[in-house]
Amino acid sequence: MFPTEEQTLACQSLRRFLDDRIEHAYLALDGAPMEKAVIQGFLKDLAGFGLTAAPHPEEVGGMGLDWLTHLMLFEEVGVSAMDIAIPILINVSGADLMIRLAPDPLRDRYVPPLLAGETSIAIGISEPAVGSDVAAVTTRARRDGGDWVISGEKTWISNGRFADFLLCTCATEEGLTHILVDREEHGFETRDIHKLALNGQSTAQIFLDEVRVPIENTIGVAGRGLQQTLVVFERARIHMAMWGVALARRALEESIRYATERSQHGRKIAGHQLIADKIATMATEVDAARLLAWRAAGLIDREIRCDTECAMAKWYGTEIAVNATRQAVQIHGGNGVTTDFIVERLAREAIIGPIPDGTTEIQKLLIARSLTGVSAIR
Ligand SMILES: Cc1cc2nc3c(=O)[nH]c(=O)nc-3n(C[C@H](O)[C@H](O)[C@H](O)COP(=O)(O)OP(=O)(O)OC[C@H]3O[C@@H](n4cnc5c(N)ncnc54)[C@H](O)[C@@H]3O)c2cc1C
């Protein structure tokens, strides 16, 4: 599996833009929560390189490229700023869901600005008592005349604070149903959750109190919410795999730089065998994780269902990032735990990856179930 010349050139040109224009501006924010205008500014700039639009069909404002190319570009953004990569991940996965399932008027209204980087979406499944067991959603939507009336609380919702609209997974008489709630038109309250890292973007609680939304805002068929979105989980999970690849690659690059500059015991620390071992292991794991993700992307591009391959890529990529960033801190010695060096931030960010979009444990249960036919989940 090798990138084409076009893919390589696209990544190189994006890399230059990220280095020259984005990373400095992002670092200047010093991890503070980004205002909506700031985050949309980054997204709009990056939309020019195809991020958010690349894998979607041209008739809805996309570029009609493949998922593999999109993921290569996504890796580059993650190497510079995971706080900016996450909104891209959510907007691309959310747009995919809208393109597949939304009725035409909603698709025509909400998808083009999303792909242009002008607006953001949030996907609300998780609740205070509903995490890995997504089927247990309790946020209730009841029919009242021509409307849904929604009450409940969502939590851990990426983009929550600044999203223009929410795809809210609700329990309805028919079963789980996705309903589009527009922040301005229908209203919902949010509160950011402060985490150990990645507070520039938003992970938020969302409160819905008797929110009235037209029945026409149903996304897909009422009651078929989970079954209809399994393919969207595939897309979200390969993004998470690339999240891991991006952080681990940055950790490796920073480690190589430091180990070839820093000397102890009369030589560059890269020349000590135990440091060389760490660098070789990190490099091998980055490549292995990337190849797993690329394989899954290749299957998606061939329209072959690949839950198992995406689950493998997700757990492996996010877990090797935890290892790689931890080793990068170790290679930096005392400097590694200071905010003067980027590796401490990478390590804090990496530890989050094995949780969203299905934890490592859940991915392994899914893989084992597909191999044995026996489910260990319930
Ligand atoms: C940064 C971030 C962003 C997120 N973004 C979103 C978002 O945009 N939208 C959204 O809806 N959600 C989002 N989430 C929520 C995320 O999907 C959940 O946190 C995740 O699914 C795990 O749920 P939980 O946190 O409730 O943990 P729990 O499900 O309570 O799990 C706790 C522990 O038990 C383990 N466990 C659970 N069940 C089993 C089992 N059957 N067998 C073995 N082990 C098990 C888990 O692996 C974990 O280690 C986000 C979370 C984070 C941290």
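**View 1. Asparagine 217 sits in the loop between β7 and β8.** In this predicted model, that loop links strand β7 (203-214) to strand β8 (218-219). Is asparagine 217 buried or exposed? Its relative accessibility is 6%, so asparagine 217 counts as buried, the cut-off for that class being under 20%. Look around the residue and you will find Leu106, His178, Ile179, Leu180 and His186 touching asparagine 217, once residues up to four places away in sequence are set aside.

**View 2. Histidine 56 occupies the loop between α2 and α3.** Here helix α2 covers 36-47 and helix α3 covers 67-80. With a relative accessibility of 1%, histidine 56 counts as buried. Which residues are in contact with histidine 56, leaving aside neighbours within four places in sequence? They are Gly62, Met63, Gly64, Trp67, Val92, Ala95, Asp96, Ile99 and Leu115. One of these partners, Asp96, deserves a second glance: aspartate 96 is 40 residues away from histidine 56 along the chain, and their C-alpha atoms are separated by 7.2 Å.

**View 3. Residues 122-211 carry a domain annotation in UniProt.** The record, an unreviewed entry, names this stretch "domain: Acyl-CoA oxidase/dehydrogenase middle". As you follow the backbone here, expect strands: residues 122-211 are 54% strand and 0% helix. The C-alpha atoms at the two ends of the stretch lie 16 Å apart.

**View 4. Residues 223-371 carry a UniProt annotation too.** This one reads "domain: Acyl-CoA dehydrogenase/oxidase C-terminal" and again comes from an unreviewed entry. Helix makes up 74% of residues 223-371 and strand 3%. Between the end C-alpha atoms of this stretch there are 28 Å.

**View 5. The whole chain puts the close-ups in context.** It holds 11 helices and 10 strands, and its C-alpha trace spans about 80 × 50 × 40 Å along the principal axes. How does the radius of gyration of the chain agree with that of a compact globule, and what is its value? The chain has 21 Å, which agrees with the value near 21 Å for a compact globule of 378 residues. Of those 378 residues, 54% are buried. Among contacts with a separation of 6 or more, 74% join residues 24 or more positions apart.

**View 6. The surface and charges of the chain complete the set.** About 16300 Å² is exposed, with carbon and sulfur atoms supplying 54% of that area. The chain bears 38 positive and 51 negative side chains, and 5 Å lies between the centres of the two sets.

Terms used: Residues numbered from 1 in each chain as written. Predicted model: local features only at pLDDT ≥ 70, side-chain atom pairs only at ≥ 80, totals over all residues. Heavy atoms only, no water. UniProt positions renumbered as here; feature names shortened; annotations may be inferred. Helix = DSSP H or I, 4+ residues; strand = E, 2+ residues; numbered from the N terminus. Rg over C-alpha atoms; globule rule 2.2 N^0.38 Å. Buried < 20%, exposed > 50% of the residue type's maximum accessible area, 1.4 Å probe, protein only. Contact = heavy atoms within 4.5 Å. Areas by Shrake-Rupley, 256 points an atom, 1.4 Å probe, with all protein chains shown as cover. Lys, Arg positive; Asp, Glu negative; His and termini not counted. Charge placed at Lys NZ, Arg CZ, Asp CG, Glu CD.
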